[in-house]
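User: I have a structure open and should like to go through some of its contacts with you. Could we begin with the charged side chains?

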Amino acid sequence: MNLPLEIYAIFAGFIIILSVFASKISEKFGIPVLVGFLFIGMLAGSEGLLGISFNDPKLAQTIGTIALVFILFTGGLDTLYKSIKPVLKEGLILATVGVFLTAIITAAFAHYFLNIPLFDSLLIGAIVSSTDAAAVFAIFRAKSINVSPKLKSLLELESGSNDPMAIFLTISILQIIAMPEAISIKEWIVDFFLQFILGALLGYVFGILMPRIFNRLNLDHYGLYVVFSIAWLWLIFGLTSLVGGNGFLAVYIAGIVINSRKFVHKNNLIAFYDGVSWLMQIFVFVTLGLLVNPSELQYTAFPALLIALWIMVIARPASIFISLIFNKIGLREKVFISWVGLRGAVPIILATYPFIYDVKNALLIFNVVFFIVLFSIIIQGTSLAPVSRWLKVALPNIEDKTRELNSALLPQTLKEFSLDEKSYIVDKNLSELNIPDNFFILLVKRDNRYFKPTGTTVFSSNDTLVVQCEDVNKLNVVLKYLSFGESLGNKKREEF
């Protein structure tokens, strides 16, 4: 069907806007927005309302890979190293050993109990072995689930870093299927360590370099910093993959390292990639939804449900308890970690890989994985809140109380004020400022951390200040001074 470009543009715009609105409905019921994106793709497909014919797994896999690079990089940017440092060892064990065990235990069930061929079972196990950070924390926010900082950091690190292991296992099994004599166990082990060591090392190096380059570029246009960062991201992925490293791990590590450094336009850049990540998730899930033919799913629904339940009740808990056997994490926390094993974008993207390798049962594997992800998100996603309360790992949520206080007690003259590199007070300390006695800088937010400024506090670009003054007019004058000190800095305190 050859339609004018304008029609495709209208379709694309309509589907993306519909996906954004679907997020409101999806989060209201505690189901990740990704499911909504997926159903929109199915509704737009050849068997849906719009009847768009799409049957190109290779293109879907390419779109998925591009999207995954941005999603993993954004996941790294959203991760604070200080918060994950106390659980770094446990997180890395879960992201490697835990993923491997989940894959093996799942494959054993599929092969011995459902009579699925061995290599197909191994593929299914590897593809669904990782969890999805976006799906997990979308539900946490939608249902206001509040757990201890240590437990939340462990979940964040594990779900954000276990995708590279699942990708490695999937590609390794596909290579064995395609070329059974080409890879030995020894070569597989060497390749594993080489990929992860090079991926981590190059991700760290590139992550160190980008903030330093940003601080020395001195470009006149902010947009060029965005362009540079995108080029840098693809440089990380491409070079790491070319030399035999894991490019997906590299971009995730680079994101974490970049976020731990100070550089110009940092907050703006993180906000930009947050938007890009959402756009990529919409693209990949709508595309994969288009690829699905609902009429074919009925033949795989029952075995997929059995595998999904096996993962939730047996494979995932067993891998968690074995991986954390020497750790002091409590029993209830381990059970909760086991249940927070939602599958998301990565398994469905990986489910397109067998088509590329011409695996005989590629369509069967894709449909089984599709259902496993769907069941995982619906069953586990809707039950996270009650399970957290049942296990007594949920902390009291004080967010609603603080909202009630805002309008009743806080003065109208309280404002939030953001600095940039051109602000007058950047690189000056509080004692140097010519501000009146009734003007207060109450809090400073820097790198997602709040602190109370003292006389020696030096302000940085991208700081956000919470300020208050008794007089609104005086407040506005002082804010202008903080921004444009050269024109107002000669005023005396009495003139304020």
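User: What do the side chains of E158 and R316 form?
Analyst: The model is a predicted one. In it, the side chains of E158 and R316 meet in a salt bridge, with an N to O distance of 2.6 Å.

User: Where do the two residues sit in the chain?
Analyst: E158 belongs to helix α8 (residues 149-161) and R316 to helix α15. The pair links distant parts of the chain, 158 residues apart.

User: Is E158 buried or exposed?
Analyst: E158 counts as buried because its relative accessibility is 2%, under the 20% limit. R316, at 3% relative accessibility, also counts as buried.

User: How many salt bridges does the structure hold?
Analyst: The structure holds two salt bridges. Apart from the E158 pair, R446 forms a salt bridge with D463, and their closest N and O atoms are 2.6 Å apart.

User: Which parts does that pair tie together?
Analyst: R446 lies in strand β2 and D463 in the loop between β3 and β4, so the pair ties together parts that are 17 residues apart in sequence. Both R446 and D463 are buried.

User: Since strands have come up, what is the strand order in the open sheet?
Analyst: Four strands form the open sheet, in the order β1-β4-β2-β3, and the pairing is antiparallel.

User: Which are the edge strands?
Analyst: They are β1 (414-418) and β3, each of which pairs on one side only. On average, neighbouring strands of this sheet are turned by 25° against each other, direction ignored.

User: Over how many bridges do β2 and β4 pair?
Analyst: Strand β2 (residues 439-446) and strand β4 (residues 464-469) pair over six bridges in the antiparallel sense. Among the bridge partners, F440 has Q468 in β4, and F439 has C469 in β4.

User: And how many bridges are there between β2 and β3?
Analyst: Three bridges pair β2 with strand β3 (residues 449-451), again in the antiparallel sense. K445 stands opposite Y450 in β3.

User: What do β2 and β3 form together?
Analyst: They form a hairpin with two residues between the strands. In the turn, D447 has a positive phi of about 55°.

User: Changing topic to helix packing: at roughly what angle do α3 and α11 cross?
Analyst: The axes of helix α3 (residues 57-77) and helix α11 (residues 222-242) cross at roughly 105° and come within 11 Å. The crossing angle makes α3 roughly perpendicular to α11, because 65 to 115 degrees counts as roughly perpendicular.

User: Which residues make that contact?
Analyst: On α3 the contact is made by T65, I66, V69, F70 and F73. On α11 it is made by I230, L233, W234 and F237.

User: What is the contact of α3 with α11 like by class?
Analyst: The contact has eight nonpolar residues, one polar residue and no charged residues.

User: One last residue. Where is the place of I322?
Analyst: I322 is in helix α15, which covers residues 301-323. R316 of the E158 salt bridge is in helix α15 as well.

User: What is the relative accessible area of I322?
Analyst: I322 has a relative accessible area of 48% and is therefore partly exposed, the range for that class being 20% to 50%.

User: How far apart in space are I322 and V97?
Analyst: From C-alpha to C-alpha, I322 and V97 are 8.9 Å apart in space, and they are 225 residues apart in sequence.

How values were computed:
Residues numbered from 1 in each chain as written. Predicted model: local features only at pLDDT ≥ 70, side-chain atom pairs only at ≥ 80, totals over all residues. Heavy atoms only, no water. Axes fitted to C-alpha atoms, helices over the stretch in contact; angles between N-to-C directions. Parallel < 35°, antiparallel > 145°, perpendicular 65-115°, else oblique. Contact = heavy atoms within 4.5 Å. Nonpolar A, V, L, I, M, F, W, Y, C, P; charged D, E, K, R; others polar. Pairing = 2+ DSSP bridges. Buried < 20%, exposed > 50% of the residue type's maximum accessible area, 1.4 Å probe, protein only. Salt bridge = Lys/Arg side-chain N within 4 Å of Asp/Glu carboxyl O.
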